[in-house]
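I opened this notebook to record, one entry at a time, what I looked up in the structure. The entries follow the order in which I went through the questions.

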Amino acid sequence: KRLILIGPPGSGKGTQSPIIKDEYCLCHLATGDMLRAAVASKTPLGIKAKEAMDKGELVSDDLVVGIIDEAMKKPSCQKGFILDGFPRTVVQAQKLDEMLDKQGVKVDKVLNFAIDDAILEERITGRWIHPSSGRTYHTKFAPPKVSGADDVTGEPLIQRKDDTAAVLKSRLEAFHKQTEPVIDYYSKKSIVANLHAEKPPKEVTSEVEKVLSS
Ligand code: AP5
Ligand code: ZN
């Protein structure tokens, strides 16, 4: 399947992605993860992206379209994919359509992680991440077995630099202004499935499974 996950920061895209990936054996492309890796290794791309990311603003369309175009060439992404955090502007959505048109394929479903803004600050400020695997925890909603350590490797967990209440405000603003129109773009194609993203993770997973098996 070819899937897109859209939702505001903290809505659960990264939490549901590995579950969907394991079940449907797809390639998982998260532009945020790819950009953070580029920032960490100080590549030319990372240097260009860092300032916008630190402020909670979107990185330029050209940069992210470039990384997606490159990543989609992987053999594992030919039969299907999960895009997590892309497209985030209407221009990005149009570019994606152009890329897929060339291959004669289409997006099957857009999962819209619908949730109220008010819930997101607690989710974002309590998030802890295992950097090398991307496994995500939450101090209250998904605590690790040992505080501050990854369940599988025991390695230390970190917090994202943009996971503060102040930067969250800019990220939400970017979402409402620039990304919500992308949901309309796909609604017109009648491929959007709305999820109740405020529910506990397992319930969201069941909703996702229902949508994907229908
Ligand atoms: P990105 O990394 O994509 O961040 P985001 O969209 O802000 O989304 P998050 O990763 O914060 O949220 P999530 O939905 O994955 O939440 P999670 O599942 O971890 O982008 C970062 C930056 O990169 C952007 O600001 C921009 O600068 C740049 N960028 C990226 N893509 C771009 C693009 N296409 N164009 C331009 N710029 C781009 O969950 C959050 C927490 O809540 C976790 O702790 C989790 O354990 C917990 N949780 C999850 N689900 C539940 C639940 N159901 N109940 C309770 N707790 C839950
Ligand atoms: Zn994420």
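Before turning to the ligand, I fixed the term I would use there: a polar contact is a pair of N or O atoms within 3.5 Å. I also keep in mind throughout that this is a predicted model.

Entry on ligand 1. With that cut-off I looked up the nitrogen atoms of the ligand, and I found that a polar side-chain atom of Arg123 lies 3.4 Å from a nitrogen atom of ligand 1. For Gln92 I read 2.9 Å between a polar side-chain atom and a nitrogen atom of ligand 1, while for Gly85 a backbone N or O atom lies 2.9 Å from a nitrogen atom of ligand 1. I then asked which of the 34 residues around ligand 1 come nearest. They are Thr15, Glu57, Arg88, Arg127 and Arg171.

Entry on helix 5. Gln92 led me to this helix, where it is one of the buried residues, together with Ala93, Leu96, Asp97, Met99 and Leu100. I noted that these buried residues sit on the same side of helix 5, because they cover an arc of only 165° around the axis. On the other side of helix 5 I found Asp101 and Lys102, which are exposed. What covers the buried residues? I listed strand 1 (2-6), helix 4 (61-71), strand 3 (81-84) and helix 7 (165-187) among the elements that do so. As for its length, helix 5 runs over residues 90-103, and its 14 residues reach 20 Å from the first C-alpha to the last, close to the 20 Å expected at 1.5 Å a residue. Gly104 follows helix 5, and I read a positive phi for this glycine, near 70°.

Entry on the loop before helix 5. I looked at Pro87, which lies in the loop between strand 3 and helix 5, and noted that the peptide bond joining Phe86 to Pro87 is cis, with omega about -5°.

Entry on Ser11. This residue lies in the loop between strand 1 and helix 1 (13-24), and I asked whether Ser11 counts as buried or exposed. Its relative accessibility is 2%, so Ser11 counts as buried. A polar atom of the Ser11 side chain lies 2.7 Å from the backbone oxygen of Pro8. Leaving aside neighbours within four places in sequence, I found Ser11 in contact with Phe113, Ile115, Leu120, Arg123 and Ala197; Arg123 is the residue whose polar side-chain atom I had already placed 3.4 Å from a nitrogen atom of ligand 1.

Entry on positive phi outside glycine. Lys42 has a positive phi of about 50° although it is not a glycine, and it lies in the loop between helix 2 (31-40) and helix 3 (44-55). At 65% relative accessibility, Lys42 counts as exposed. Ser190, likewise not a glycine, has a positive phi near 55° and is found in the loop between helix 7 and strand 7 (192-196). I noted Ser190 as exposed too, with a relative accessible area of 62%.

Entry on aromatic rings. I counted ring pairs whose centres lie within 6.5 Å, and the count came to 1 aromatic pair. The rings are those of Tyr185 and Tyr186, with centres 5.1 Å apart and planes at 90°, so I recorded the pair as edge-to-face. Both Tyr185 and Tyr186 are buried.

Definitions and conventions
Residues numbered from 1 in each chain as written. Chains lettered and ligands numbered in written order. Predicted model: local features only at pLDDT ≥ 70, side-chain atom pairs only at ≥ 80, totals over all residues. Heavy atoms only, no water. Phe/Tyr/Trp six-rings, centres within 6.5 Å; stacked < 30°, edge-to-face > 60°. Buried < 20%, exposed > 50% of the residue type's maximum accessible area, 1.4 Å probe, protein only. Helix = DSSP H or I, 4+ residues; strand = E, 2+ residues; numbered from the N terminus. Expected span 1.5 Å × (residues − 1). Arc of directions from axis to C-beta. Contact = heavy atoms within 4.5 Å. Near = heavy atom within 4 Å. Polar contact = N/O pair within 3.5 Å; in protein donor to acceptor, adjacent residues only side chain to side chain.
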